[in-house]
Amino acid sequence: MRSYRTLFRTPEFTPFLLSFATFAAAQTIGGLALGTLVFRATGSPFLSAVSMFGPQLAQLLGGAFLLSGSDRLPPRAVLSGLAVAFAAGTAVIALPGLPVWAVFAVVLLQGLVASLGGGVRGGLLNEILPKDGYVLGRSVFNMLWGLTQMAGFATGGVLLALLSPRTCLLLAAALYVMSAVVTRFGLTARAPRSAGRPSVAATWRTNALLWSSRPRRLAYLGLWVPNGLVVGSDSLYVSYAPGAAGTLYAVGALGMLVGDMAVGRLVPPAVRPRLATPLRLLLAAPYLFFVLRPGVALSAVAVTVASVGFAASLVLQERLLSLTPDDLAGQALGLHATGMAALQGIGAVLAGTLAQLTSPATAMTLMAAGSVTVTLTLAALGRRQERRPAAAPGIRPDVTPEPAATD
């Protein structure tokens, strides 16, 4: 599938995107309002960064205990419930006089339940679209995320100039409710993809199976670590340029949009696998420029160019799915989403700590240097993997046979 027209004629694809867009808009507006609220209350770059991205660390716990629900629970019910839970939590955060520790407790709980979202959405998209449409569909999904971030952060910046952060949080809660409504009435009720009850044992067993393959491990690490370190740099926009953070987040989303459009629509399938390393290097290299402490205009150019590199995730997700059986696709993508969110949270904590000890500009530069180093190391390991002797016909190297996931 190489045509947008064919893609949007696919039943349920449009409501799927709309439900996600409203959820993503709530996240961007609410996240910027939350980061601003915490920064104004504490004056701490560390707490501001952690408030926006630290809750993603809680997804690591969710990935360890809840991910089997990605394939074993009805997707529409999970996505509707997730939106309602976020609406309630965001409304609580907006309460006047709520202490900072209570704010962090709520957002960490939100991060925990959010661990199901990535796997359920990824698995549902894989069901809605035919096999040859996944990369194009995922690129549109990512482009929508970029557009929503761009509009959401720009709108959030304007709203914060006119309204209080708590009022903006209430607007975000209303958007979460809209997402729940669109999901409930726009998507078909589907049965779970896999039989059996979700359980901690099933989650651990399937996660271990997914991690047991060396090619999948390299794909996961490529999806998680370079991305997470760069998002650590992103988490410092509020403290680096308090008056222009919304602008930097918006142009970053624009760069993401351009990258996903180019890779999903214009790059031939035969060429895509060769772009993983160059795109990951592009993602980090422009942030090395921040050692010079550029102004807002030059910073915006660097952020835009760097964000094109986020399209590496399309290439690596395609690789991951090619190594994974269909009945484990939801949990495989959920493990990716959870690991990526957790590494982004770790990146935010690490970047915030470095900024507290040095400066936001220095911390952004160091995080970018770490990302480049990891990318080059993974590329070298991948070349070693490719040079290993081929397995017997019909068996992929380093991939153990996939037994049915049962309780």
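## Worked exercises on helix packing and burial

What covers the buried residues of α15 includes α12 (237-240), α13 (245-266) and α14 (276-284). The model is predicted, so keep that in mind as you work through the exercises.

**Exercise 1. Check the length of helix α15, then find which of its residues are buried and which sit on the opposite face.**

Step 1. Start with the length: helix α15 runs over residues 296-307, which is 12 residues. At 1.5 Å a residue, counted over one less than the number of residues, the expected span of α15 is 16 Å. The C-alpha atoms at its ends are 16 Å apart, so the two values agree.

Step 2. Now list the buried positions, using under 20% relative accessible area as the cut-off. In α15 these are Ser-299, Ala-300, Ala-302, Val-303, Ala-306 and Ser-307. They cover an arc of only 165 degrees around the axis, and therefore lie on the same side of α15.

Step 3. Turn to the face that points away from that buried side: there you will find Ala-297, Leu-298 and Val-301, which are exposed.

**Exercise 2. Describe how α17 packs against α7, α11 and α10.**

Two packed helices are described by the angle between their axes and the distance between the axes. Let's take the partners in turn.

Step 1. Helix α7 (residues 100-128) packs on helix α17 (residues 329-357) with an angle of about 140 degrees and axes 7 Å apart. Roughly antiparallel would need an angle over 145 degrees, so α7 counts as oblique to α17. The crossing of α7 over α17 is right-handed. On the α7 side, the contact is made by Ser-115, Gly-118, Gly-119, Gly-122, Gly-123 and Asn-126. On the α17 side, Ala-329, Gly-330, Leu-333, Gly-334, Ala-337 and Thr-338 take part.

Step 2. For helix α11 (residues 214-234) and α17, the angle is about 30 degrees and the axes are 7 Å apart. Angles under 35 degrees count as roughly parallel, and therefore α11 and α17 are roughly parallel to each other. Their crossing is right-handed. The residues of α11 in this contact include Tyr-220, Leu-223, Trp-224 and Val-231, while those of α17 include His-336, Met-340, Leu-343 and Gln-344.

Step 3. Helix α10 (residues 200-211) meets α17 at an angle of about 80 degrees, with the axes 10 Å apart. The range for roughly perpendicular is 65 to 115 degrees, so α10 and α17 are roughly perpendicular to each other. Here Ala-202, Thr-203, Thr-206, Asn-207 and Leu-210 of α10 meet Gln-331, Ala-332 and Leu-335 of α17.

**Exercise 3. Place Leu-316, Arg-121 and Ser-239, decide whether each is buried or exposed, and list their contacts beyond four places in sequence.**

Step 1. Leu-316 belongs to helix α16 (residues 312-322). Its relative accessibility is 1%, so Leu-316 counts as buried. Its contacts, neighbours within four places in sequence aside, are Gly-222, Leu-223, Ala-276 and Arg-280. Take Ala-276: 40 residues separate it from Leu-316 in sequence, yet the C-alpha atoms are 6.8 Å apart.

Step 2. Arg-121 is in helix α7. Its relative accessible area of 12% makes Arg-121 buried. With the same neighbours within four places set aside, Arg-121 is in contact with Phe-16, Phe-20, Phe-23, Leu-79, Leu-82 and Phe-141. For Pro-45, 76 residues away in sequence, the C-alpha distance to Arg-121 is 32 Å.

Step 3. Ser-239 lies in helix α12. With 15% relative accessibility, Ser-239 is buried. Beyond four places in sequence, Ser-239 is in contact with Phe-39, Pro-45 and Pro-360. Pro-268 is 29 residues from Ser-239 in sequence and 40 Å away in space, C-alpha to C-alpha.

**Exercise 4. Look up phi for Glu-12 and Arg-293, and decide whether each residue is buried or exposed.**

Step 1. Recall the background: most residues other than glycine have a negative phi.

Step 2. Glu-12 has a positive phi of about 75 degrees, although it is not a glycine. Glu-12 sits in the loop between α1 (4-8) and α2 (13-42). Its relative accessible area is 16%, so Glu-12 is buried.

Step 3. Arg-293, also not a glycine, has a positive phi near 55 degrees. Arg-293 is found in the loop between α14 and α15. At 51% relative accessibility, Arg-293 counts as exposed, because exposed means over 50%.

Notes:
Residues are numbered from 1 along each chain as its sequence is written. This is a predicted model: local features need pLDDT of at least 70, side-chain atom pairs count only at pLDDT 80 or more; totals for chains, interfaces and linings use all residues. Side-chain values use heavy atoms; hydrogens and water are left out. Helices (H or I, at least four residues) and strands (E, at least two) are DSSP runs, numbered from the N terminus. Buried means under 20% relative accessible area, exposed over 50%, partly exposed in between (1.4 Å probe, protein chains only). The arc is that of the directions from the helix axis to the C-beta atoms. Contact means heavy atoms within 4.5 Å. Axes are lines fitted to C-alpha atoms, for helices over the stretch in contact, and angles run from 0 to 180 degrees between N-to-C directions. A crossing is left-handed if the near helix is turned anticlockwise from the far one by less than a right angle, and right-handed if clockwise.
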